[in-house]
Amino acid sequence: MNGFHRDDLLFSLCGLTCGLCPMKLDGYCPGCGGGKGNQSCAIARCSLEQGGVTYCSQCAKYPCGRYQTDDPYDSFITHRNRRKDLDRLQRIGPAAYWKEQLEKQNILASLLNHYNDGRHKGFYFTAVNLLTLEDLRAVMELLAALPPDLSAKERAAQAAGLFQALANQSGLDLKLRKKPRKPH
């Protein structure tokens with residue numbers, strides 16, 4: 001979209017956590033930060049109309065109708081925390097929020113590098129997006145104490161079990177909410 005540009009490729013205009021997105025391959029974003037031709041987003045158009053705000057929470061009209069209800073479905077990244085995350089960014093400021101997001105990104109990288117048996121990648125992306133940083137830190141501390149001779153499958157099972165237990169305590173479902181397929 002002409003005239004639209006994003007500098008922050010960790011956190012989107014609309015509240016999605018780009019730095020924790022499985023589609024962000026090799027630093028490339030297919031969404032609002034992806035470069036010329038990739039911004040077909042109505043929220044990017046709205047940003048331009050509102051003077052080019054960096055995040056929706058900086059707009060004078062925030063929270064507008066887009067944030068009155070949660071998105072019922074996720075895409076390749078969860079949409080459940082968009083409003084909560086924008087509100088947190090507004091409350092603590094972009095620099096502090098970026099620091100938190102970088103820590104979450106590092107936790108995700110550690111999970112993918114050390115606790116992934118090839119079957120938990122999507123689960124880790126969703127868990128790191130939805131759980132609090134404090135909960136993530138607590139799980140990572142427990143994982144660091146695991147015996148070093150565990151297989152990848154055993155490490156992954158331990159990590160998934162710890163995340164699932166936390167999610168259950170918080171009433172969270174660590175699965176993406178997919179739109180039902182239309183019958184043919």
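Let's start in the loop between α1 and α2, where Ala 60 sits. This is a predicted model, and Ala 60 is a handy place to get your bearings in it. With a relative accessible area of 81%, Ala 60 is exposed, because anything over 50% is given that label. If you look for Gln 50 from here, you will find that ten residues separate it from Ala 60 in sequence, while the two C-alpha atoms are 8.3 Å apart in space.

Stay in this loop for a moment, since Pro 63 is also found between α1 and α2. The peptide bond that joins Tyr 62 and Pro 63 is cis, with omega at about -5 degrees. For context, most peptide bonds are trans.

The loop has another residue worth a visit, and this one takes us to the charged side chains. A search of the whole structure turns up six salt bridges. One of them joins the side chains of Asp 74 and Arg 80, with an N to O distance of 3.6 Å. Asp 74 counts as buried because its relative accessibility is 8%, and Arg 80 counts as buried because its relative accessibility is 17%; the cut-off for that label is under 20%.

Asp 74 has a second partner: its side chain also meets that of Arg 177 in a salt bridge, 3.0 Å from N to O. This pair links distant parts of the chain, with Asp 74 in the loop between α1 and α2 and Arg 177 in the segment after α6 (152–170), 103 residues apart. Arg 177 has a relative accessibility of 22%, so it counts as partly exposed. Put together, Asp 74, Arg 80 and Arg 177 are linked in a network of salt bridges.

Another salt bridge can be found between helices. The side chains of Arg 137 and Glu 103 meet at 2.7 Å, N to O. Here too the pair links distant parts of the chain: Arg 137 belongs to helix α5 and Glu 103 to helix α3, and they are 34 residues apart. Arg 137 is partly exposed at a relative accessible area of 38%, and Glu 103 is partly exposed at 28%.

Helix α3 also holds Glu 100. Its relative accessibility is 19%, so Glu 100 counts as buried, given that the label applies under 20%. Leaving aside neighbours within four places in sequence, Glu 100 is in contact with Arg 88, Ile 92 and Leu 133. Glu 100 and Leu 133 are 33 residues apart in sequence, yet their C-alpha atoms are 7.4 Å apart in space.

Leu 133 and Arg 88 bring us to an open space in the model. The second largest pocket has a volume of about 220 Å³. It is lined by 15 residues, and the closest to its centre are Asp 85, Arg 88, Lys 104, Thr 132 and Leu 133. Four helices each give two or more residues to this lining: α2 (82–92), α3 (94–114), α4 (121–130) and α5 (133–144). By residue type, the lining of this pocket divides into seven charged, four polar and four nonpolar.

What about Asp 85, one of the residues closest to the centre of that pocket? Asp 85 lies in helix α2. Although buried, Asp 85 has no salt bridge, and the nearest side chain of opposite charge, that of Lys 84, is 5.0 Å away. That pair is not counted because a salt bridge needs a nitrogen of Lys or Arg within 4 Å of a carboxyl oxygen. Beyond its neighbours within four places in sequence, Asp 85 is in contact with Phe 11, Gly 15, Thr 17 and Tyr 97.

Asp 85 also leads to an enclosed space. The count comes to one cavity of 30 Å³ or more, and the largest cavity holds about 50 Å³ of space. Among the residues that line the largest cavity are Asp 85, Gly 15, Thr 17, Asn 129 and Arg 80. The lining of this cavity divides into six polar residues, three charged and one nonpolar. Arg 80 ties the tour together, since it lines the largest cavity and also belongs to the salt-bridge network with Asp 74 and Arg 177.

Note on methods: Residues are numbered from 1 along each chain as its sequence is written. This is a predicted model: local features need pLDDT of at least 70, side-chain atom pairs count only at pLDDT 80 or more; totals for chains, interfaces and linings use all residues. Side-chain values use heavy atoms; hydrogens and water are left out. On a 1 Å grid over the protein atoms alone, a cavity is a set of points where a 1.4 Å probe fits but cannot get out, and a pocket is an open set with protein on both sides within 12 Å along at least five of seven lines; lining residues have an atom within 4 Å of a point. Grid points are joined across faces, edges and corners, and a volume is the space filled by probe spheres set on the points. Ala, Val, Leu, Ile, Met, Phe, Trp, Tyr, Cys and Pro count as nonpolar, Asp, Glu, Lys and Arg as charged, and the others, Gly among them, as polar. Buried means under 20% relative accessible area, exposed over 50%, partly exposed in between (1.4 Å probe, protein chains only). Lys and Arg count as positive and Asp and Glu as negative; His and the chain ends are not counted. Contact means heavy atoms within 4.5 Å.
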